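Visitor: I would like to learn how to read a structure like this one, one feature after another. Where should we begin?

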Amino acid sequence: MSLTAAPPRRHLRPALPISLWGLLGTLLLWWLATTPLWHSGVIGDFSPERAFAAIGQLVVSGAIFPHIWASLRRVVVGLFAATLIGIPLGLLIGLSRVLEQATSVLFQFVRMISPVSWMPVAVMVFGIGDWPVYFLLTVAAVWPLILNAAAGVAAVDRRWLLLSRSLCATRWETVAKVIMPATIPHLLTGLRLAVGIIWIVLVPAEMLGVRAGLGYFILDTRDRLAYSELLAGILIIGAIGYLLDATFRWANQVWQHRS
């Protein structure tokens with residue numbers, strides 16, 4: 001009988017995070033389905049090696065950056081306009097029971113209409129160019145801001161309101177000092193959702209006669225039969241969308257840690 005203690009059992013942990021394994025598995029399936037090693041013709045243009053090579057060429061030549069800047073500018077303008085409309089309106093709905101009841105059916109009806117379906121109306125009213133794109137992005141982003149702002153007001157702790165009332169605070173002081181700070185986590189969540197929706201709507205919106213932008217770039221590569229660049233554009237759209245979402249998620253986490 002051995003008196004030596006058994007060595008501690010080591011937990012086998014994967015060297016890579018599980019999420020990275022998922023990406024690598026998807027990349028492998030993509031490569032198997034499209035690689036030019038055993039696929040001929042246009043299928044090989046959709047392979048990861050040609051797509052990543054196209055990304056490198058677009059970055060080195062700088063050809064992709066004007067499209068990225070144009071898309072980001074439209075996102076900022078659309079989000080800014082949606083914020084100016086959505087957050088004050090959502091706060092008013094949260095503060096007024098009558099306004100909430102008066103707008104609930106209308107807003108639930110309108111927000112279920114796809115923003116893309118407004119494209120013909122936007123072109124008729126604003127013509128072609130940036131303005132119909134701004135309109136579509138604003139329409140797409142305003143609803144999560146309205147709903148989250150109203151939900152934030154409804155979630156304010158009633159004891160804070162009672163304390164504010166006991167201190168003889170005015171209505172404006174209660175809104176500015178109690179309700180607004182309490183709704184910030186909901187507003188950050190609404191902004192994160194709004195950015196995600198804007199980024200999804202951006203590509204079809206940029207097919208409305210603009211001359212730059214990632215949506216225009218997708219159309220242009222399709223017309224030129226440059227399928228590797230088309231796929232590179234799709235990957236760039238996904239990467240920028242992921243970074244935008246990660247930025248707002250990080251901001252929300254920072255705010256929650258501070259409060």
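Guide: We can begin with the contacts of a single residue. Leaving out residues up to four places away in sequence, Arg 50 touches Pro 36, Gly 44, Asp 45 and Ser 228. Keep in mind throughout that this is a predicted model.

Visitor: Where does Arg 50 sit, and why does it count as partly exposed?

Guide: Arg 50 belongs to helix α2, which covers residues 48–61. The class comes from relative accessible area: under 20% is buried, over 50% is exposed, and partly exposed is in between. Arg 50 has 34% relative accessibility, so it counts as partly exposed.

Visitor: How far apart in space are Arg 50 and Gly 62?

Guide: Their C-alpha atoms are 18 Å apart, with the two positions twelve residues apart in sequence numbering.

Visitor: Which residues does Glu 49 touch, not counting those up to four places away in sequence?

Guide: Glu 49 touches Trp 31, Thr 35 and Pro 36. Glu 49 is also in helix α2, and its relative accessible area of 33% makes it partly exposed. From Glu 49 to Trp 31 the C-alpha distance is 8.0 Å, across 18 residues of sequence. With Thr 35 there is a polar contact between the two side chains, at 3.2 Å.

Visitor: What about a residue with less access to solvent? Is His 67 buried or exposed?

Guide: His 67 counts as buried, because its relative accessibility is 13% and the cut-off for buried is under 20%. This histidine, His 67, is found in helix α3, residues 65–95.

Visitor: Which residues are in contact with His 67, leaving aside its neighbours within four places in sequence?

Guide: They are Ala 212, Gly 213, Leu 214, Tyr 216 and Phe 217. For Gly 213 there is a polar detail to add: its backbone nitrogen lies 3.2 Å from a polar atom of the His 67 side chain.

Visitor: Is Val 76 buried or exposed?

Guide: Val 76 is in helix α3 as well, but at 56% relative accessibility it counts as exposed. The C-alpha atom of Val 76 is separated by 20 Å from that of His 186, a residue 110 positions away along the chain.

Visitor: How do I read the shape of a helix?

Guide: Compare the end-to-end distance with the span expected at 1.5 Å a residue, then look for a bend. Helix α8, residues 171–205, has 35 residues, yet its end C-alpha atoms are only 41 Å apart, short of the 51 Å that a straight helix would reach.

Visitor: Where does α8 bend?

Guide: At Ile 184, by about 45°, and a proline, Pro 185, follows within four residues.

Visitor: What is the span of helix α4?

Guide: Helix α4, residues 97–111, has 15 residues and reaches 20 Å from its first C-alpha to its last, close to the expected 21 Å. Still, α4 bends by about 45° at Thr 103. Both readings are worth taking.

Visitor: Which residues does Asn 252 touch, again not counting those up to four places away in sequence?

Guide: Asn 252 touches Pro 185, Leu 188 and Thr 189. Pro 185 is the proline that follows the bend in α8. Asn 252 itself lies in helix α10 and, at 13% relative accessibility, counts as buried.

Visitor: How should I read the sign of phi?

Guide: Most residues other than glycine have a negative phi. Leu 225 has a positive one, near 60°. This leucine, Leu 225, lies in the loop between α9 (214–223) and α10 (227–258), and it is exposed, with a relative accessible area of 55%.

Visitor: Now the whole chain. How many helices and strands does it have?

Guide: The chain has ten helices and zero strands. Of its 259 residues, 36% count as buried.

Visitor: What is the radius of gyration of the chain?

Guide: It is 25 Å, where a compact globule of 259 residues would have a value near 18 Å. Along the principal axes, the C-alpha atoms fill a box of roughly 85 × 75 × 30 Å.

Visitor: What do the contacts and the surface add?

Guide: Among contacts with a separation of 6 or more, 69% join residues 24 or more positions apart. The chain exposes about 16100 Å², and carbon and sulfur atoms supply 71% of that area.

Terms used: Residues numbered from 1 in each chain as written. Predicted model: local features only at pLDDT ≥ 70, side-chain atom pairs only at ≥ 80, totals over all residues. Heavy atoms only, no water. Helix = DSSP H or I, 4+ residues; strand = E, 2+ residues; numbered from the N terminus. Buried < 20%, exposed > 50% of the residue type's maximum accessible area, 1.4 Å probe, protein only. Polar contact = N/O pair within 3.5 Å; in protein donor to acceptor, adjacent residues only side chain to side chain. Contact = heavy atoms within 4.5 Å. Expected span 1.5 Å × (residues − 1). Bend = angle between axes of the 7 residues up to and from the residue. Rg over C-alpha atoms; globule rule 2.2 N^0.38 Å. Areas by Shrake-Rupley, 256 points an atom, 1.4 Å probe, with all protein chains shown as cover.
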